[in-house]
Amino acid sequence: MAGRVAIPPMTEEGNRAVLPLGFVRGLLDTIEKPLMVAERNGNLLLINTRAKQFLESHGHPTTPGLNLFKDLLKTDARKIFDEFEKGEHDLEHPIQIGGAKSGARVRWMPEPDWLVVEIENTTETPSGPDPATQITVQELLQEREITYRNLLAAYLKLQEVNRQKTVFLASAAHELKTPLAVIKGYYDLLLAGSLGRLTDKQRDILEESKDSCERLVRLVSMFLNYSALESGKLVLQLRENDLRDCLDELSKRWVEAFQRKSVRLDASFDPSIPTFRFDYQKVQQAAANLLDNALKHTPRGGSVTLRAAPHFWERRVAVLAPVEERRRFRLPRPNSVEVSVTDSGPGIAAEHHQEIFEDFVRVDRNTSGMGLGLAIAKRLIQAHRGKIWVESESRTGSRFTFLLPMDQG
Ligand code: ADP
């Protein structure tokens, strides 16, 4: 930024007019480029602010006695002057300051016998990390590969341990099945009076024990179903079946348990549900898990409804119904069946609606269970390419619904 400079009077030195050094320094400072002026022997006479900043920022103190040839150009003065004596008054020379390598333009002014040096480029020398500690890309890739392999090995090991645990629990559960069936058989025999008359008190106690035994049987078979699903043994037996028969058989099986708890069970199945291909046992099991939960969570005097009706599932490909049918119904022909179990129990807070379908998740700790009923139902329904969900709010009961597509392959 060059402003107006007041020129001081020149002094006479011999027959030469000489400007005072302070004035020349001031002039040099108005120049944006790093500039230095040195005597023939290399002693620095002047250095402008830019050059000073440049040197200092590269760890080179601008102390008095700094020599152009020795400290900056790293060359012998003789070599430079040899060039000048060949007629060249202006030459390029590398200059090394700290870690920076730059070019310098060195000009000789024969009259005062000065050298004017302009530092030209200030590119940093690529000063990479210490080669001893430098990690090459190759090494990094190898390290990543090793980490990946270790992780994979650990994951596979965990998976195997998990599988062994499931197999162990499944065989333990399997071992429980037979003695439980025997115990249940004896309860039936006793309650039927085949082994002698029972007092009312004895009957009550036996009935309660039988209930507990049945619950244990259900828990064991729930776990066996889960471990079978876990070990990838879920194979659907798809046959042309009647869903109404399937659900009717189920509700009849549960009537007694509902009566014992004084919970009303209403079952209604739309007569227009056609037969379609599905796995009878697996759909029955999914619905049974929902009924089991509904009964478990509904207090005495409450009610549970099991319903099934044809449904048009928009996400699935609609089958174009004949014209007269389309005139009669506003919606396209149903492509699935909707099965729902509604109860008048305590309901489920919205934040649990997703997680209750996960393995071993239990929200209500006051009831018995392993947190598998809904997880199993979900797997069974999804295996049919269907979906299952819950609608509920705390204290208003719950409605569990699943959709079964009728176009099973
Ligand atoms: P479990 O019944 O063995 O605990 P589930 O997977 O069948 O396992 O159910 C998971 C959780 O969902 C239960 O612990 C309970 O908190 C909640 N739940 C399921 N069905 C109902 C229902 N009908 N009413 C209220 N809560 C329910």
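**Exercise 1. State which residues come nearest to the ligand in this predicted model, and which atoms make polar contacts with the ligand.**

Solution.
Step 1. The ligand has 19 residues around it, and Asn293, Lys296, Asp343, Arg362 and Asp364 come nearest. The model is predicted.
Step 2. Take the side chains: an N or O atom of the Asn293 side chain is 2.8 Å from an oxygen atom of the ligand.
Step 3. Take the backbone: a polar backbone atom of Val363 is 3.1 Å from a ligand oxygen, and a backbone N or O atom of Gly371 lies 2.9 Å from a ligand oxygen.
Step 4. On its own the ligand has 530 Å² of accessible area, of which the protein covers 97%.

**Exercise 2. Find the residues that make the nonpolar surface patch, and decide whether Leu152 is buried, partly exposed or exposed.**

Solution.
Step 1. Tyr148, Leu152, Tyr155 and Leu156 make a nonpolar surface patch of about 440 Å².
Step 2. Place Leu152 in the fold: Leu152 belongs to helix H5, which covers residues 137–191.
Step 3. The relative accessible area of Leu152 is 39%. Buried means under 20% and exposed means over 50%, so Leu152 is partly exposed.

**Exercise 3. Describe the protein as a whole: its helices and strands, its buried share, its contacts and its surface.**

Solution.
Step 1. The protein contains 10 helices and 14 strands.
Step 2. Of its 409 residues, 35% are buried.
Step 3. Among contacts with a separation of 6 or more, 62% join residues 24 or more positions apart.
Step 4. About 25,100 Å² of the protein is exposed, and carbon and sulfur atoms supply 54% of this area.

Key. Residues numbered from 1 in each chain as written. Predicted model: local features only at pLDDT ≥ 70, side-chain atom pairs only at ≥ 80, totals over all residues. Heavy atoms only, no water. Patch = residues over 30% accessible without salt bridge, like charges linked within 9 Å, V, L, I, M, F, W, Y side chains within 5 Å. Areas by Shrake-Rupley, 256 points an atom, 1.4 Å probe, with all protein chains shown as cover. Salt bridge = Lys/Arg side-chain N within 4 Å of Asp/Glu carboxyl O. Helix = DSSP H or I, 4+ residues; strand = E, 2+ residues; numbered from the N terminus. Buried < 20%, exposed > 50% of the residue type's maximum accessible area, 1.4 Å probe, protein only. Near = heavy atom within 4 Å. Polar contact = N/O pair within 3.5 Å; in protein donor to acceptor, adjacent residues only side chain to side chain. Contact = heavy atoms within 4.5 Å.
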